[in-house]
Amino acid sequence: MTPLLPRLRRRAALCIAFATATSFAGAQESWPAHPVKLVVPYAAGGTSDLLARYIAQNLTEAWGQPVLVENRTGAGTVIGSSTVAKAKPDGYTLLMTNNTHVINPLVMASVPYDPLRDFMPLARLASTPYLLLVNPKVPATTVQEYVALARSRPGKLNFGTGGPGGLTHLGGEIFNAQAKTEIAMIHYKGAAPLTAAALSGEIDAYLDAPATTTQLVEQGKLRALAVTGPQRLPTMPQVPTVRESGLPDYDVTITYVVLGPAGLPANVRDRIGNEITRILGRTDVQQKLQSLGLTPAAAGPRDTASWLQGEQEKYGRVVKTARIKVE
């Protein structure tokens, strides 16, 4: 009888281990078992918010669980991003952000997370270029004419930004570097005062999203010199890209991504990435995004991770060269 006891104990231990593993696997397979929170570090009503809510609606239908958008603004997206970095890595707290995710730590004195190490890339959603816009009083109708004007008046022309260290600021610095101009940067607190300054003639030029400025261009209140992305816009085919206009390496594009906290289980990571990619492949979704001025990206976890790394390196060089630091 005695030799039987060790065998029984081993068998019981194996049964317990198997039951535990099966229970864990079942819990992962049943994900999501309750609502998922999608944190957006931007205010409600903007392109980021509209995109997040549209994607959340489609994920809700696909998963049978509510995907709830939560706007957590402040500190240039740092507050919302910090919430997700600290969240339990179970797939129930996600982040929708853009390029600023890797730019902020480059320009800010202190950020409480590493943008790559503390997050799990899940999907790249969509992108949109800016328009390079000037006040109609500026005597330039093309990028070439604008560059020639700036070179003839070093330090005299100015370029408005939505804030120091932001993408519109870095876009201006990249333009200066590639065009060999000395256009002065003037910073504003957000898009609304920046647009007002451009309309009044307080600034000569700036970058802004097509979705919010196309009507102003059509009304003749602003002049679009170029598109900052690699391709012309279907809605404004007459406007060339900056690349076509003599700066072949220029590309400043807002790209939206979904991230989770580091440590997400691989099957949850893949399910989220695959579902978003599937949704973005639908014709109706692509048409909706295009109506918002967005081009669908539909890239999964691996491609998104590679893209984030590339963006960090790209803008890291700009920040270092221009010595940009936000206090």
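User: Before we dig in: pLDDT is the predictor's confidence in each residue, from 0 to 100. What does the chain average in pLDDT?

Analyst: This is a predicted model, so that score is a good place to start. Of the residues, 91% score at least 70. The chain average for pLDDT is 90.

User: Over which residues does pLDDT stay under 50?

Analyst: There's one stretch to treat with care. The model has 0 contacts beyond four places in sequence for it. The stretch with pLDDT under 50 is residues 12-27.

User: On to the rings. Is the pair of W31 and W63 stacked or edge-to-face?

Analyst: It's one of 5 aromatic pairs in the structure. The ring centres of W31 and W63 are 4.9 Å apart, with the planes at 70°. Planes over 60 degrees apart fall in one class, so W31 and W63 are edge-to-face.

User: How many residues apart are W31 and W63, and are they buried or exposed?

Analyst: W31 sits in the loop between α1 (4-29) and β1 (36-40), while W63 belongs to helix α2 (residues 47-63). That makes the pair a link between distant parts of the chain, 32 residues apart. As for accessibility, W31 and W63 are both buried.

User: Which residue joins W31 and W63 in one aromatic cluster?

Analyst: The cluster holds W31, W63 and one tyrosine. That tyrosine is Y92.

User: What is the angle between the planes of Y113 and F119?

Analyst: Y113 and F119 are both buried. They form an edge-to-face aromatic pair, at 5.4 Å centre to centre. The angle between their planes is 85°.

User: Which residue lies over the face of Y54?

Analyst: Here a lysine meets the ring, at 6.0 Å from the ring centre. The residue over the face of Y54 is K288.

User: Which residue's backbone nitrogen does the side chain of H169 reach?

Analyst: H169 is in helix α6 (residues 167-179). Its relative accessibility is 5%, so H169 counts as buried. The H169 side chain comes within 2.9 Å of a backbone nitrogen, that of G165.

User: And T161, which H169 touches: is T161 buried or exposed?

Analyst: T161 is part of strand β6 (residues 158-161). Beyond four places in sequence, its contacts include H169, M185 and H187, and those last two are also among the residues H169 touches. At 0% relative accessibility, T161 is buried.

User: Let's do charges. Which residue does K37 form a salt bridge with, and which residue is also in their network?

Analyst: A search of the whole structure turns up 10 salt bridges. K37, in strand β1, pairs across 33 residues with a partner in strand β2 (residues 67-71), the closest N and O atoms being 3.9 Å apart. K37 counts as partly exposed at 27% relative accessibility, and the partner does too at 26%. The partner is E70, and the network of salt bridges also takes in R72.

User: In the salt bridge of R53 and D49, which residue is buried?

Analyst: The two side chains meet at 2.9 Å, N to O. Because R53 and D49 are 4 residues apart in helix α2, about one helical turn separates them. R53 has a relative accessible area of 38%, so it is partly exposed. With 3%, the buried residue is D49.

User: How far apart are the closest N and O atoms of R232 and E244?

Analyst: Both residues sit in the loop between β9 (223-227) and β10 (253-261), 12 residues apart. R232 is partly exposed at 38% relative accessibility, and so is E244 at 45%. Their salt bridge has its closest N and O atoms at 3.0 Å.

User: Which residue does a cis peptide bond join to W31?

Analyst: Most peptide bonds are trans. Here, though, omega is about 0°. The partner lies in the loop between α1 and β1, and it is P32.

User: What is the phi of A75, and what is the phi of A298?

Analyst: Most residues other than glycine have a negative phi. A75, in the loop between β2 and α3 (78-85), and A298, in strand β11 (residues 295-299), go the other way. A75 is partly exposed at 47%, and A298 is partly exposed at 34%. Phi is about 55° for A75 and about 50° for A298.

Terms used: Residues are numbered from 1 along each chain as its sequence is written. This is a predicted model: local features need pLDDT of at least 70, side-chain atom pairs count only at pLDDT 80 or more; totals for chains, interfaces and linings use all residues. Side-chain values use heavy atoms; hydrogens and water are left out. Rings of Phe, Tyr and Trp (its six-membered ring) pair if their centres lie within 6.5 Å; planes under 30 degrees apart count as stacked, over 60 as edge-to-face and the rest as tilted. Helices (H or I, at least four residues) and strands (E, at least two) are DSSP runs, numbered from the N terminus. Buried means under 20% relative accessible area, exposed over 50%, partly exposed in between (1.4 Å probe, protein chains only). A charge sits over a ring if NZ of Lys or CZ of Arg is within 6 Å of the ring centre and within 35 degrees of the ring normal. Contact means heavy atoms within 4.5 Å. A polar contact is a pair of N or O atoms within 3.5 Å; within protein, one must be able to donate a hydrogen and the other to accept it, and residues adjacent in sequence count only if both atoms are side-chain atoms. A salt bridge is a side-chain nitrogen of Lys or Arg within 4 Å of a carboxyl oxygen of Asp or Glu.
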